[in-house]
Amino acid sequence: MIMMLSRGGTSLVCACSRQQRHSYIRRLSSSNNTKSSDKNDSSTIVDQMKSFSIGSLAGMLGSLAGMGGGFVMIPMMTASRGLRLTQHQAHGTSLFAVGSTGLFGALAYGIKSGEEGEDDDIANNSTDTKMPQQQGLVELDIALALTATAMVTARFGAIASSKMSERSLKRALGAFML
């Protein structure tokens, strides 16, 4: 089950079972009752700053590599100096963020309509040197076909990863990154 949870003021999405969700909510509520509000506020600010840093780096590197940025986000979210999320939480959070990152990256590249003609020549040979024109670099029909199939198979991947141990999931990510 995909759930949106909140940790220290930071929202996250994770693939988890009902039992995992209830366990997480119990830990979250008990930890909030034992911490002072000042410490909680400063921790929230630090976590938000870390989140913005991770998101900035992932967005830049992800768009440069033609990927969503999850390959950068997940290790940084699970690191002891990062957000200290579990591997499963990091994967779910990354999937949510990568969708947004990919959408805005695609918009920056420019969506190409199915029609080609004089407009393409004008857009690609612009004499405006202030901002490079990047129109028509996304093949919309291909992107829609890829998106449709990826949306169907992503559910199977989320189900499979939620059944894996933290260690196995971390190793699988490492293998895919190679």
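A residue counts as buried when its relative accessible area is under 20%, as exposed when that area is over 50%, and as partly exposed in between. These words are used below for a predicted model, and one residue that they help to describe is R84. With a relative accessible area of 41%, R84 falls between the two cut-offs and is therefore partly exposed.

Before returning to R84, consider the overall layout. The protein contains seven helices and four strands. Followed along the sequence, these elements come in the pattern β-β-α-α-α-α-β-α-β-α-α. The protein has 178 residues, and 24% of them are buried.

R84 sits in the loop that runs between α3 and α4. Its backbone has a phi near 55°, which is a positive value in a residue other than glycine. As a general rule, most residues other than glycine have a negative phi. R84 can thus be picked out by its backbone angle, and its side chain deserves a look as well.

Side chains of opposite charge can pair when their charged atoms come close. The structure holds one salt bridge. Which two side chains meet in this salt bridge? They are those of R84 and D47, with a distance of 3.9 Å from N to O. D47 belongs to helix α2, which covers residues 37-65, whereas R84 is in the loop between α3 and α4, so the pair ties together parts that lie 37 residues apart in sequence. Is D47 buried or exposed? D47 has a relative accessible area of 3%, and so it is buried. Its partner R84, at 41%, counts as partly exposed.

Helix α3, which comes before the loop of R84, contains M77. The relative accessible area of M77 is 4%, so this residue is buried. From M77 to T93 there are 16 residues in sequence, and the C-alpha atoms of the two are 9.1 Å apart in space.

The next feature is an open space in the protein. The largest pocket holds about 1,300 Å³. It is lined by 38 residues, of which G68, L95, V98, A150 and A154 are the closest to its centre. Five elements each give two or more residues to this lining: α3 (70-78), α4 (87-109), β4 (138-139), α6 (140-162) and α7 (166-177). Which element supplies the largest share of the lining? That element is α6, with 14 residues. By kind, the lining of the largest pocket consists of 26 nonpolar residues, eleven polar ones and one charged residue.

Nonpolar residues also form a patch on the surface. Its members are L103, F104, L107, I111, L140 and L144, and together they have about 600 Å² of accessible area. At least two residues of the patch come from α4, and at least two from α6. The most, three residues, come from α4. Both helices were named above for the lining of the largest pocket.

One member of the patch, I111, is found in strand β3, which spans residues 111-112. The relative accessible area of I111 is 45%, between the cut-offs of 20% and 50%, so I111 is partly exposed.

Notes:
Residues numbered from 1 in each chain as written. Predicted model: local features only at pLDDT ≥ 70, side-chain atom pairs only at ≥ 80, totals over all residues. Heavy atoms only, no water. 1 Å grid on protein atoms, 1.4 Å probe; cavity = no way out; pocket = protein on both sides within 12 Å on 5 of 7 lines; lining within 4 Å. Points joined across faces, edges and corners; volume = space filled by probe spheres on them. Nonpolar A, V, L, I, M, F, W, Y, C, P; charged D, E, K, R; others polar. Patch = residues over 30% accessible without salt bridge, like charges linked within 9 Å, V, L, I, M, F, W, Y side chains within 5 Å. Areas by Shrake-Rupley, 256 points an atom, 1.4 Å probe, with all protein chains shown as cover. Salt bridge = Lys/Arg side-chain N within 4 Å of Asp/Glu carboxyl O. Buried < 20%, exposed > 50% of the residue type's maximum accessible area, 1.4 Å probe, protein only.
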